[in-house]
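Open the model in your viewer and keep the selection box at hand. The stops below say what to select next and what is there.

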Amino acid sequence: MDAEIGRLLERAFPGQEHRYFEAISIGNGPAMADAGAAAILSGVKTATSSALWDFPDGAIPFVGALSVLLDGQRRARAIVETERIDIVPFGSVGAAFARAYGEGDQTLDWWRTAMGAWYRASAARHGAAFSDETPIICEWIV
């Protein structure tokens, strides 16, 4: 963990080191990170997702985890807490999660189309396979 991120967490949540998780940003570039941070800060986006290959050490987000939310310039914007984790096959992600995801038109159709493309590209970069059976970490944050 970056020392600056650790100091932010320690100031906000002293004595809670066991809850500190890695800093997060949304998307794969500055514009997406800015938009994602804005959506989280406005309360529109209350969920995010990841593939297991994003955590090669196996240390995935957990209920109660505290993460510093970064914008596109890698500036700390907030501390978010993970309130729920479900690991489900991509094809089993439901409409409630798609709505909480807070992007696009917030429908399951949008989520499956947009995130299917995202995970196919991500799988290719990681040398992994992607299908409707690929486990996805569905994370609700506050």
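Start by selecting A76, which touches L8, V68, L69 and L70, leaving aside residues up to four places away in sequence; contact means heavy atoms within 4.5 Å. This is a predicted model, in which local features need pLDDT of at least 70 and side-chain atom pairs count only at pLDDT 80 or more, while totals for chains, interfaces and linings use all residues. Residues are numbered from 1 along each chain as its sequence is written, and side-chain values use heavy atoms, with hydrogens and water left out.

A76 belongs to strand β3, residues 76-89. Helices (H or I, at least four residues) and strands (E, at least two) are DSSP runs, numbered from the N terminus. With a relative accessible area of 37%, A76 is partly exposed. Buried means under 20% relative accessible area, exposed over 50%, and partly exposed in between, with a 1.4 Å probe and protein chains only. Now add A37 to the selection: its C-alpha is 9.7 Å from that of A76, although their positions lie 39 residues apart along the chain.

Next, go to R74, in the loop between β2 (66-70) and β3. Is R74 buried or exposed? R74 is exposed, at 57% relative accessible area. Its phi is positive, about 65°, although R74 is not a glycine. Most residues other than glycine have a negative phi. Select Q106 for another case: Q106 also has a positive phi of about 65° without being a glycine. Q106 sits in the loop between α3 and α4 and is partly exposed, with a relative accessible area of 29%.

Move on to helix α4. Its 19 residues reach 25 Å from the first C-alpha to the last, close to the 27 Å expected at 1.5 Å a residue; the expected span is 1.5 Å times one less than the number of residues. Which residues of α4 are buried? They are W111, M115, G116, Y119, S122 and A123. An α-helix has 3.6 residues a turn, so residues three or four places apart point the same way. Show β1 (47-51), α3 and β4 as well, since they are among what covers the buried residues of α4. After α4 comes G127, with a positive phi near 70°.

Now display the aromatic side chains. Rings of Phe, Tyr and Trp (its six-membered ring) pair if their centres lie within 6.5 Å; planes under 30 degrees apart count as stacked, over 60 as edge-to-face and the rest as tilted. By this rule there are eleven aromatic pairs. One of them is F97 with W111, edge-to-face at 5.9 Å centre to centre and 85° between the planes. F97 is in helix α3 (residues 95-101) and W111 in helix α4 (residues 108-126), so this pair ties together parts 14 residues apart in sequence. F97 is buried at 3% relative accessibility, and W111 is buried at 0%.

Then select Y119 and F130: their ring centres are 6.3 Å apart and their planes are at 20°, so the pair is stacked. Y119 lies in α4 and F130 in the loop between α4 and β4 (135-141), so parts eleven residues apart in sequence are tied together.

For the last stop, select W53, F90, F97, Y101, W111, Y119, F130 and W140, which form one aromatic cluster. Add K45, whose charged end sits over the ring of Y101, 3.4 Å from its centre. R84 places its charged end over the ring of W140, 4.0 Å from the centre. A charge sits over a ring if NZ of Lys or CZ of Arg is within 6 Å of the ring centre and within 35 degrees of the ring normal.
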